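Colleague: Could you take a close look at one part of this model for me, the five-stranded sheet and whatever packs on it? I'd love a connected walk through it rather than a list.

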Amino acid sequence: MIAHLNRRSVPVVRIDPGDFPETVALSARMGGKGVGGRLRTASRTTDLGQVRSVYWRRPRPYTAAGGLDEQVRTWCVTQARYGLGGVLAALPGAHYVNHPWRNRDAEYKPVQLTTALQCGLVIPPTLITNEPAEAQKFAREYGPVIYKPLRHTDFTGPDDRPLTVWVENVAADELHDGVSHTAHLFQQRIDSVADLRLTVIGERMFAVRIGGAPGKDWRRHYDELIYTLIDTPPELVTGVRAYMDAFGLVFGAFDFGLDSDERPWMYECNPNGQWAFCGDTITERIATALADYLQYAGEVP
């Protein structure tokens, strides 16, 4: 994205909240017309009152200076989140992709699914529970059933290598007392013939049909997939637009499964999802649309 904007001679400053306060300095003033002051990194200085667009893209967690005891460190991290984070979320006149609070609101899968239904989209039957008996009953009633995490978090094995909890098939006799430890999401498995990733940027939609996935979680098989840019299915356009408006999103990465009748079933919408994995031609079109939005602050060029 930075390379795209540089080629357009659009000034760009990259900041990661995880670099504050070590290599990022903040002096923000509130009064008059809103927020003013400056934000300084190792290589750039930004006038906070002149920021036109903000691309909020998976920042690292807030941190604190080294050498502090745990209680002081926790206090400093909290002040950074509400201080620097608050300023970055309050820039006057800036167009956000997406505003961090809109991202937060749209990350909860139960809210995603209920909002999708309200917007006329179709979802598979879903259960969220910590009761083993209810999970077993759901698996028997709606099987085949899959399990998926409600949110991906850092998880490592005994060798400190990162682990991922994938979407997996589950049977009723596999659901035991471990279910009671926390909330789990179970969903009827859609016998899909292909997957659909729909990337939305402002008013633009990029529908990519994903074929060739041998399992139920196509993220495990990037090298085996076939990506085809298609017209957005008409039955999705109105519902997806209503969904974006409901959360106040500019960007959204929707995942659908296509059944044998080509009917799209919505699985989720990641408000901060990946988009640069579909091959150079498709990625270039998405990147151009995103650069247009940032350069022109939401106006159609």
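**The sheet and its helices**

Modeller: Happy to! Let me start at a small detail: Gly248, just after helix 6, takes a positive phi of about 70 degrees. Please keep in mind that this is a predicted model. The mean pLDDT of the protein chain is 91, with 94% of its residues at 70 or more. Confidence is highest in helix 4, at 98, and lowest in strand 2 (residues 34–40), where the mean is 89.

Now back to the helix that ends before that glycine. Helix 6 spans residues 234–247, and its buried residues are Leu236, Gly239, Val240, Arg241, Tyr243, Met244 and Phe247. An arginine is on that list, Arg241, along with the aromatic residues Tyr243 and Phe247. What do the buried residues of helix 6 pack against? Two of the partners are helices, namely helix 3 (100–105) and helix 4 (109–118). The others are strand 10 (194–201), strand 11 (204–211), strand 13 (251–258) and strand 14 (264–270).

Those four strands belong to the sheet you asked about. Five strands make up this open, antiparallel sheet, in the order 12-11-10-13-14. At its edges are strand 12 (226–230) and strand 14, each of which pairs on one side only. From one strand to the next, the twist averages 25 degrees.

Two helices pack on the sheet, and their contacts are worth tracing strand by strand. Helix 6 touches strand 10, strand 11, strand 13 and strand 14, and its direction makes about 140 degrees with that of strand 13. Helix 7 (residues 280–295) touches strand 10, strand 11 and strand 12, with its direction at about 160 degrees to that of strand 11. Strand 10 and strand 11 are thus touched by helix 6 and also by helix 7.

Strand 11 deserves a slower look. Six of its eight residues are buried, leaving this strand mostly covered. On one side, seven bridges join strand 11 to strand 10, and the two run antiparallel. On the other, five bridges link strand 11 to strand 12, again antiparallel. Arg209 ties these pairings together: this residue of strand 11 is the bridge partner of Leu196, and in strand 12 Arg209 has Thr228 as its bridge partner. Further along, Gly211 stands opposite Ile226 in strand 12. The hairpin of strand 10 and strand 11 has two residues between the strands, and there Gly202 takes a positive phi near 60 degrees.

Helix 7 also takes us away from the sheet, to the second largest pocket. Helix 7 supplies at least two residues of the lining of that pocket, as do helix 1 (2–7), strand 3 (45–47) and strand 4 (53–55). The pocket holds about 1,100 Å³ of space. Its lining counts 31 residues, and those nearest the centre are Val12, Val13, Arg14, Ser53 and Tyr55.

Strand 3, one of those contributors, leads to another sheet. Three strands form this open sheet in the order 1-2-3, with antiparallel pairing. Strand 1 (25–31) and strand 3 stand at the edges with a single partner strand each, so one side of each has no neighbour in the sheet. The twist here averages 10 degrees from one strand to the next. Seven bridges join strand 1 to strand 2, and Ala28 stands opposite Gly37 in strand 2.

Methods
Residues are numbered from 1 along each chain as its sequence is written. This is a predicted model: local features need pLDDT of at least 70, side-chain atom pairs count only at pLDDT 80 or more; totals for chains, interfaces and linings use all residues. Side-chain values use heavy atoms; hydrogens and water are left out. Buried means under 20% relative accessible area, exposed over 50%, partly exposed in between (1.4 Å probe, protein chains only). Contact means heavy atoms within 4.5 Å. pLDDT is the predictor's confidence in each residue, from 0 to 100. Two strands pair if DSSP finds at least two bridges between them. Axes are lines fitted to C-alpha atoms, for helices over the stretch in contact, and angles run from 0 to 180 degrees between N-to-C directions. On a 1 Å grid over the protein atoms alone, a cavity is a set of points where a 1.4 Å probe fits but cannot get out, and a pocket is an open set with protein on both sides within 12 Å along at least five of seven lines; lining residues have an atom within 4 Å of a point. Grid points are joined across faces, edges and corners, and a volume is the space filled by probe spheres set on the points.
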